[in-house]
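Subject: Structure for your review

Dear colleague,

Please find below the structure that I am handing over to you. My notes on what was found in it follow, and I would ask you to read them with the structure open.

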Amino acid sequence: MAELKEVLVPDIGGDEVQVIEICVAVGDTLAAEESIITVESDKATMDIPAPFAGVLSELKVAVGDTISEGKLIAMMSAAASEPAPVAAAASAPAPTAPVAAPAPVVAAAPVAGGTKVIEINVPDIGDASDVDVIEVLVAVGDKIEADTGLITLETDKATMEVPAPSAGIVKELKVNVGDKVSMGSLVLMLEVGDAAPALAPVAATDAPVAAAPTASVSAVQEIAVPDIGDASDVDVIEVLVAVGDEVTLDQGLITLETDKATMEVPAPFAGKILGLTVKLGDKVSQGSVIATIETVSAAPVAAPAPAPVASAPAPVAAPAVSKPPVPHHPSAGSQPKTGAVHASPAVRRLAREFGADLTLVKGTGRKGRILKEDVQAFIKYELSRPKASAATAVAGGAGGLNVIAAPKVDFAKFGEVEEVPLSRIQKISGPNLHRNWVTIPHVTQFDEADITELEAFRKDQNAVAAKKKADYKITPLVFMMKAVAKALAEFPVFNSSLSADGESLIQKKYFHIGVAVDTPNGLMVPVVRDVDKKGIVELSRELMDISVRARDGKLKSADMQGSCFTISSLGGIGGTAFTPIVNYPDVAILGVSKSEIKPKWNGKDFEPKLMLPLSLSYDHRVIDGAMAARFSVTLSSILSDIRTLIL
């Protein structure tokens, strides 16, 4: 039974971080450096990878947990290393028989390497079986290197490649796209070279000749920073290896950061790190030496011949040179979507980490396959384009808006100032709010609802719940949510979204209500699902739970997606009315202000009534004024007589 090993949080800068995503599941077979969890600090988002290959046996953390360096996050059973194939040993020479006649002169024979055809099968892919083949990466006749991807498989958990265990020529394919395979399934037939080179027969002698031996040739080489564009004096923000480490071809050695992007410098060949000439915080440019590495290659050693024969020295295989980490900058202009995406899991993870849309990336690999360098080039290109932010206007963005830049003002010359950075939520929500405001034609309908009877009923129910020591408290907001759900059912256009091309409406058959929550870090909008199917008590408990999680910063991204309509209530603070901004892709939002006792005429005299101000903002491309007024009146009437909720 494989030994279980602990997986701990590595050095992450001394900060506590929050787990925002679990990337794997118990039972998954993980490769070394494959992401286990994604964490987020107030500075950055990062993946914590598996330190070795193996099977995930147990997870010790969940989404929302706070962790730091040294924290136990998982238990893994390390993958047993497979024995390397051993070349057939040359037979020991038999004792030489005495020769009566003088030995003839033997001419040097050319080295003729034999070949054989081997089967390539699907390796251990965990507990998955009948896995779909979604891509065949080679063709009959292709000459491939070891570790070249042969086919791509897709399970319900991940996409993975089956690599070639050795170099050779593809003789026959045994699978097609759409086939289903399991561990041990035959993939293809591969012709490989025999390890022992053959010798020419020796003329007229019984004395056997041993096969030519091989020797390891080592060399020490320097690794320099490759072409990184026009950047110079670039900061080293991470050193990924240490002296003594064995590295593989294209393994990351250091991470560099320019003013436009972050990139890794890969190993141009495999070997052992003998020395590092850079450290964290150093600045480097193209050509700067960053490490020395010892490489080892095999070369045949000529066997001694009976007669001296001149022979050429055996060539030493030159190490493969890696591509630079950042290729040439792509041409300007919009990049069309390429449709199907062909990329390895590692490239997909890189794209996910940087938020890159792979359908927009042009692949330069075999058959249009997207490489790591393609993603890096795309990110570099996107970073060079002007972006909308909380402080800048859209320039040539959605809707063809062109706004002059705001003038720069030196506020310090007018008096004392203090610069306070925006919170993370403000930085994220700012550009979205700005986009919504300038791209959605807003109109706001103002109204008020008589909630005198609603408030009396609510207080009575809370008094009953308090006597029972119930775990909930009914707020006015839950009644508003139920009323909105009923109004949405009567006016389906409010429960829709405008399609991306603006030619149709996406009609929703569910009723999910977003609720704006004021937190110490800013405004957040968690979504309460299926409001029409839940009662007042159930909604009260759920609303209490999401409010607590929002203020504690424990909401997941899924908790804030899928809304049909949004309610922003400022009743607990004050005010008489305001203009809320539509929360795209919703087409309307309800603003609620503080209720107030007002005199209302009943036909004979004035009565004191508790009136609730309502501010309904809507997208005028979808909803006209008459429809908005009818919706507002309907909503007001439901709140004024909550008995209509059961009709």
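In which loop is the place of Asp-530? Asp-530 lies in the loop between β31 (527-528) and α6 (536-551). Please keep in mind throughout that the model is predicted.

Asp-530 deserves a second look for its backbone. Its phi is near 50°, which is a positive value in a residue other than glycine. As for its surroundings, Asp-530 is partly exposed, because its relative accessibility is 27% and that class covers values from 20% to 50%. Asp-130 likewise has a phi near 50°, again positive in a residue that is not glycine. Asp-130 belongs to the loop between β9 (112-121) and β10 (131-136).

One further backbone feature concerns a proline. The peptide bond that leads from Tyr-584 to Pro-585 is cis, and its omega is near 10°. Pro-585 is placed in the loop between β32 (565-569) and β33 (588-592).

I turn next to the strands. In general, the strands of a sheet pair through backbone hydrogen bonds, and they may do so in parallel or antiparallel fashion. An open sheet is formed here by 4 strands in the order β1-β8-β6-β3, with antiparallel pairing. Its edge strands are β1 (4-8) and β3 (29-30), each of which pairs on one side only. Between β3 and strand β6 (residues 54-59) there are 2 bridges, and these two strands run antiparallel. Within that pairing, Thr-29 stands opposite Val-55 of β6.

Strand β4 (residues 35-40) has 6 of its 6 residues buried, so the strand is largely enclosed by the rest of the structure. Strand β2 (residues 17-22) is joined to β4 by 4 bridges, and the two run antiparallel. Ile-22 has Ile-37 in β4 as its bridge partner.

Strand β34 (residues 596-601) is hardly covered, since the count of buried residues among its 6 residues is 0. It is joined by 6 bridges to strand β35 (residues 606-619), in an antiparallel arrangement. Here Pro-599 stands opposite Pro-608 in β35. The two strands β34 and β35 form a hairpin with 4 residues between them, and Gly-603 in the turn has a positive phi of about 110°.

Among the helices, please look at α5 (residues 476-490). This helix has 15 residues and reaches 22 Å from its first C-alpha to its last, close to the 21 Å expected at 1.5 Å a residue. Helix α5 is mostly covered, with 11 of its 15 residues buried. Those buried residues include Phe-479, Met-480, Lys-482 and Leu-488.

On the surface, Val-409, Phe-411, Phe-414 and Val-417 make a nonpolar patch of about 440 Å². Phe-411 is found in the loop between α2 (372-383) and α3 (424-439). It counts as exposed because its relative accessible area is 54%, and the class begins over 50%.

Finally, a word on the cysteines. A disulfide is a covalent bond between the sulfur atoms of two cysteines. The count in this model comes to 0 disulfides. Cys-23 is partly exposed, with a relative accessible area of 25%, whereas Cys-564 is buried, with a value of 0%.

With kind regards

Definitions and conventions
Residues numbered from 1 in each chain as written. Predicted model: local features only at pLDDT ≥ 70, side-chain atom pairs only at ≥ 80, totals over all residues. Heavy atoms only, no water. Buried < 20%, exposed > 50% of the residue type's maximum accessible area, 1.4 Å probe, protein only. Pairing = 2+ DSSP bridges. Expected span 1.5 Å × (residues − 1). Disulfide = S-S within 2.5 Å. Patch = residues over 30% accessible without salt bridge, like charges linked within 9 Å, V, L, I, M, F, W, Y side chains within 5 Å. Areas by Shrake-Rupley, 256 points an atom, 1.4 Å probe, with all protein chains shown as cover. Salt bridge = Lys/Arg side-chain N within 4 Å of Asp/Glu carboxyl O.
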